[in-house]
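Take a moment to look at the whole chain before turning to its parts. The paragraphs that follow move from the overall fold to the interior and then to the surface.

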Amino acid sequence: MSSVLAASSLSLLAEHEKSFAAIITDINRRANEIPDLNKDEKSQEILRGQRDVDEALELIEQMELCISDVPSSERAALKKRIISYKSQLQDSESRLKRAAIATSSSQKARDELFAYDGASEDSRTTLISNTDRLQRTSERLQDGHRIALETTEVAVGIMDNLHDQRDTITRSRSRLRRTDGELGKSNKILNNMIARAKRNKVVAALIITISIALIAVIIYLIVSG
């Protein structure tokens, strides 16, 4: 009968040990995650972690009851295991307590940047607000820089267009000068032609006058003879 009871106790002990190991894993996980949580989430996880610690303590008490039914030849080794479980629980509980007062690495960086001492929640809120304000200012500066670059590109485009228009105007003026020069030459030729025509007209008139005079002389001579 005692051997059956001992076997049942050992089986129950094994189940308690398995549950204990799972709880210790949960406590350690919470201790790692708590520093990076916000205020409300951190409070909830700390409460859950404390409940895990209480549950682990109850399991250790149950394990101590289980080994009371185990033969004395095996009891000493089991007591050492339970002592090690108590040590594990103490270590995990200490980690949980340290996590409860720890801050995340990102929060530490902000605290060092703004010399934040963690004295009050108002200071933390002000810190976050200042950080957000700096972020918005940085974004506005980036937008201003982008607009300046776009404006510069537009100005360069306008200058290129003006340069092209100036070249077009310069070429047009050159063509006008050449046309004006050609018109001047044509006008000079025309004036020469007009002058030559006038001279020819005078010569023709002179020839006609001389011819008429000769005819008159000839008629006079014939009549008088």
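Helices and strands are here DSSP runs, of at least four residues for a helix and at least two for a strand, and they are numbered from the N terminus. Counted in this way, the predicted model has five helices and zero strands, and reading along the sequence gives the pattern α-α-α-α-α. Of the 225 residues of the protein, 17% count as buried.

Helix 2 is a useful place to begin a closer look. This helix covers residues 39–67, which makes 29 residues, and it reaches 42 Å from its first C-alpha to its last, close to the 42 Å expected at 1.5 Å a residue. At its start, a side-chain oxygen of Asn38 comes to within 3.3 Å of the backbone nitrogen of Asp40. The buried residues of helix 2 include Val53, Ala56, Leu59, Ile60 and Met63, but also Lys42, Glu45 and Asp52.

In soluble globular proteins, nonpolar side chains tend to be buried together. In this model the largest nonpolar core has 21 residues, of which Leu13, Phe20, Ile27, Ile60, Met63 and Leu89 touch the most other members. Two or more residues of this core come from each of helix 1 (2–33), helix 2 and helix 3 (72–101), and helix 2 gives the most, with seven residues.

The surface also has a nonpolar part, since Ile215, Ile218, Ile219, Ile222 and Val223 make a patch of about 530 Å². Val223 is found in helix 5, which runs over residues 121–224. Is Val223 buried or exposed? Val223 counts as exposed because its relative accessibility is 68%, and the cut-off for exposed is over 50%.

Definitions and conventions. Residues are numbered from 1 along each chain as its sequence is written. This is a predicted model: local features need pLDDT of at least 70, side-chain atom pairs count only at pLDDT 80 or more; totals for chains, interfaces and linings use all residues. Side-chain values use heavy atoms; hydrogens and water are left out. Patches are made of residues with over 30% relative accessible area and no salt bridge: like charges are joined within 9 Å, nonpolar side chains (Val, Leu, Ile, Met, Phe, Trp, Tyr) within 5 Å. Accessible areas come from the Shrake-Rupley method with a 1.4 Å probe; for residues, only the protein chains shown count as cover. A salt bridge is a side-chain nitrogen of Lys or Arg within 4 Å of a carboxyl oxygen of Asp or Glu. Buried means under 20% relative accessible area, exposed over 50%, partly exposed in between (1.4 Å probe, protein chains only). The expected span of a helix is 1.5 Å times one less than its number of residues. A polar contact is a pair of N or O atoms within 3.5 Å; within protein, one must be able to donate a hydrogen and the other to accept it, and residues adjacent in sequence count only if both atoms are side-chain atoms. A nonpolar core is a set of buried Ala, Val, Leu, Ile, Met, Phe, Trp, Tyr and Cys residues joined through side-chain atoms within 4.5 Å.
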